[in-house]
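Work through the exercises below with the sequence and the structure in view. Try each task before reading its solution.

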Amino acid sequence: MCHVIVTCRSMLWTLLSIVVAFAELIAFMSADWLIGKARSRGGAEPAGPGGGSPEPYHPTLGIYARCIRNPGMQHFQRDTLCGPYAESFGEIASGFWQATAIFLAVGIFILCMVALVSVFTMCVQSIMKKSIFNVCGLLQGIAGLFLILGLILYPAGWGCQKAIDYCGHYASAYKPGDCSLGWAFYTAIGGTVLTFICAVFSAQAEIATSSDKVQEEIEEGKNLICLL
């Protein structure tokens, strides 16, 4: 019979696991890893309010995607075109970014699997006499290592021609030149830190769900157990 066990620590671990997986996935898919140097919108566009020159825009560049000005939409408020610049894996701008994509993809896949499994830990706490919390915590630690490797290799690709086109000739490995780092890069870093926090917190979730109080309520025949 399934005993549904809900504790504050196990619920918090489950929520954090889901948030981390989504945060890393969104960051990976985003084009806002590098914010390029300001560019003019072109003389064909009407002057800004008061007759001044139109405000420049900042193109953005991700691991495999980019956002640039769309010339066909220059008279509308949303005039940027976002999408992948690489139609295949081999067209990713740098070998370092290809490695980054692999490491991040593996790490995110593991995190998504853990997030899916974490939902069922309220009902199933062990598989083959192994604690699901401990196994998931180990997997989250492994995923964190893959994410770290990807984030370390990513700046090494700033010297590729694609990055130089966006960031100027001063861009080189670990030097973004005229570019600044976008929210996606910081989100990936924050998600990596939270991944290791989740890995550590999984042990606390395991302790909470296997406490004496939980065992006593199971012996009393309760199928729904909620503890603070």
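A residue is buried under 20% relative accessible area, exposed over 50%, and partly exposed in between, with a 1.4 Å probe and protein chains only. The structure is a predicted model, in which local features need pLDDT of at least 70, side-chain atom pairs count only at pLDDT 80 or more, and totals for chains, interfaces and linings use all residues. Residues are numbered from 1 along each chain as its sequence is written, and side-chain values use heavy atoms, with hydrogens and water left out.

**Exercise 1. The chain as a whole**

Task: State how many helices and strands the protein chain has, and what share of its residues is buried.

Solution. Step 1: helices (H or I, at least four residues) and strands (E, at least two) are DSSP runs, numbered from the N terminus. Counted in this way, the protein chain has six helices and nine strands.
Step 2: of the 228 residues in the protein chain, 42% are buried.
Step 3: a contact means heavy atoms within 4.5 Å. Taking contacts between residues at least 6 apart in sequence, 68% join residues at least 24 apart.

**Exercise 2. Two residues in one loop**

Task: Classify Tyr174 and Lys175 as buried, partly exposed or exposed.

Solution. Step 1: Tyr174 sits in the loop between α4 (161–167) and β8 (180–181). Lys175 is placed in the loop between α4 and β8.
Step 2: Tyr174 counts as partly exposed because its relative accessibility is 49%. Lys175 has 53% relative accessibility and therefore counts as exposed.
Step 3: Tyr174 also has a phi near 65 degrees, a positive value in a residue other than glycine.
Step 4: Lys175 touches Trp158 and Tyr170, when residues up to four places away in sequence are not counted. Between Lys175 and Trp158, 17 residues apart in sequence, the C-alpha to C-alpha distance is 6.7 Å.

**Exercise 3. A helix pair**

Task: Describe how α2 and α3 are arranged, and which classes of residue form their contact.

Solution. Step 1: axes are lines fitted to C-alpha atoms, for helices over the stretch in contact, and angles run from 0 to 180 degrees between N-to-C directions. The axes of α2 (residues 95–119) and α3 (residues 132–153) come within 8 Å and cross at roughly 160 degrees.
Step 2: this crossing makes α2 roughly antiparallel to α3. Angles under 35 degrees count as roughly parallel, over 145 as roughly antiparallel, 65 to 115 as roughly perpendicular, and the rest as oblique.
Step 3: the crossing of α2 and α3 is left-handed; that is, the near helix is turned anticlockwise from the far one by less than a right angle, whereas clockwise would be right-handed.
Step 4: the residues of α2 in this contact include Phe96, Phe103 and Val117, and those of α3 include Ile132, Phe146 and Leu153. By class, the contact of α2 with α3 has 19 nonpolar, four polar and no charged residues. Here Ala, Val, Leu, Ile, Met, Phe, Trp, Tyr, Cys and Pro count as nonpolar, Asp, Glu, Lys and Arg as charged, and the others, Gly among them, as polar.

**Exercise 4. Two buried side chains**

Task: Which backbone atoms lie close enough for a polar contact with the side chains of Ser30 and Thr14?

Solution. Step 1: a polar contact is a pair of N or O atoms within 3.5 Å; within protein, one must be able to donate a hydrogen and the other to accept it, and residues adjacent in sequence count only if both atoms are side-chain atoms.
Step 2: Ser30, in the loop between α1 (8–29) and β2 (34–35), is buried because its relative accessible area is 9%. A polar atom of the Ser30 side chain lies 2.9 Å from the backbone nitrogen of Asp32.
Step 3: Thr14, in helix α1, has a relative accessible area of 7% and so is buried. A polar atom of the Thr14 side chain lies 3.4 Å from the backbone oxygen of Ser118.
Step 4: not counting residues up to four places away in sequence, Ser30 touches Gly62, Trp183 and Ala184. With neighbours within four places left aside, Thr14 is in contact with Ser118, Val119 and Thr121.

**Exercise 5. A glycine in a loop**

Task: Is Gly157 buried or exposed, and which residues does Gly157 contact?

Solution. Step 1: Gly157 lies in the loop between α3 and α4.
Step 2: Gly157 is buried because its relative accessible area is 1%.
Step 3: leaving aside neighbours within four places in sequence, Gly157 is in contact with Ser94, Phe96, Trp97 and Ala163.
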